[in-house]
Amino acid sequence: MIRRLDHIAIAVPDIEAAIKRFVEDLGIELAGREDVPTQSTTTAFLPVSGTQIELIHPINGEGPVQAFLDKRGGGLHHLCFETDDIDTDMNCLKEKGYRFLSEEPQPGAHGTRVAFIHPKSAGGVLIELAEYPKE
């Protein structure tokens, strides 16, 4: 079941400039950075009142985020919702006609399992589901 909005992802052509803008200009704290090789991205996390902004930048100019930047430039990339059972939620959404970019969840940042709903199935919005490891 969907629990909350986990993050809003913004694709950026220059991650250092984007971090500077959010940290120095807007006063938002940088919580950390992480490379996510399965998504070909490097990420920076900026917590904001119960959710976070995730800046995403392609590793080595490759992958889907690079394709997004080439096509659209920087900007809103996706919304991510935390789920407590990604497998059940994927199956339920597939039964309702939603298409996913992969058949199975993939490794994501912070040890999560993630899956992306195809934007054509969600009114033009790329939606990520993320399940955090059980404690």
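Trainee: Which residues on the other side of α2 are exposed?

Mentor: Those are Pro64, Asp70 and Lys71, and please keep in mind as we go on that this is a predicted model.

Trainee: And which residues of α2 are buried?

Mentor: Within helix α2, which spans residues 64-72, the buried ones are Val65, Gln66, Phe68 and Leu69. When you look down the axis of α2, these buried residues fall within an arc of 160°, so they line one face of the helix.

Trainee: What do the buried residues of α2 pack against?

Mentor: They pack against four strands, namely β1 (2-11), β3 (41-48), β4 (51-58) and β5 (75-83).

Trainee: What about the spot just after α2?

Mentor: Gly73 sits just after that helix, and Gly73 takes a positive phi of about 80°.

Trainee: Switching helices, which residues of α3 are buried?

Mentor: In helix α3, residues 86-95, the buried positions are Ile86, Asp89, Met90 and Leu93. Around the axis they cover an arc of only 100°, which puts them on the same side of α3.

Trainee: Asp89 too? What covers the buried residues of α3?

Mentor: Yes, Asp89 is listed among the buried residues of α3, and the cover over that buried set includes β1, β5, β7 (113-117) and β8 (127-131). If you compare this with the earlier helix, β1 and β5 also appear among the strands that the buried residues of α2 pack against.

Trainee: Which residue follows α3?

Mentor: Gly97 follows α3, and the phi of Gly97 is positive, near 100°.

Trainee: Let me zoom out: how many helices and strands are there in the chain?

Mentor: The chain has three helices and eight strands, and from the N terminus on they come in the order β-α-β-β-β-α-β-α-β-β-β.

Trainee: Why does the radius of gyration agree with a compact globule?

Mentor: For 135 residues a compact globule would have a radius of gyration near 14 Å, and the chain has 15 Å, which agrees. The C-alpha atoms fill a box of roughly 45 × 35 × 25 Å along the principal axes, and buried residues make up 42% of the chain.

Trainee: How much of the contacts comes from residues 24 or more positions apart?

Mentor: Counting contacts with a separation of 6 or more, residues 24 or more positions apart account for 53% of them.

Trainee: Last topic, charges: how many positive and negative side chains are there?

Mentor: There are 13 positive and 22 negative side chains, and the centres of these two sets lie 6 Å apart. As for the surface in general, the accessible area of the chain comes to about 7600 Å², and 53% of that belongs to carbon and sulfur atoms.

How values were computed
Residues numbered from 1 in each chain as written. Predicted model: local features only at pLDDT ≥ 70, side-chain atom pairs only at ≥ 80, totals over all residues. Heavy atoms only, no water. Helix = DSSP H or I, 4+ residues; strand = E, 2+ residues; numbered from the N terminus. Rg over C-alpha atoms; globule rule 2.2 N^0.38 Å. Buried < 20%, exposed > 50% of the residue type's maximum accessible area, 1.4 Å probe, protein only. Contact = heavy atoms within 4.5 Å. Areas by Shrake-Rupley, 256 points an atom, 1.4 Å probe, with all protein chains shown as cover. Lys, Arg positive; Asp, Glu negative; His and termini not counted. Charge placed at Lys NZ, Arg CZ, Asp CG, Glu CD. Arc of directions from axis to C-beta.
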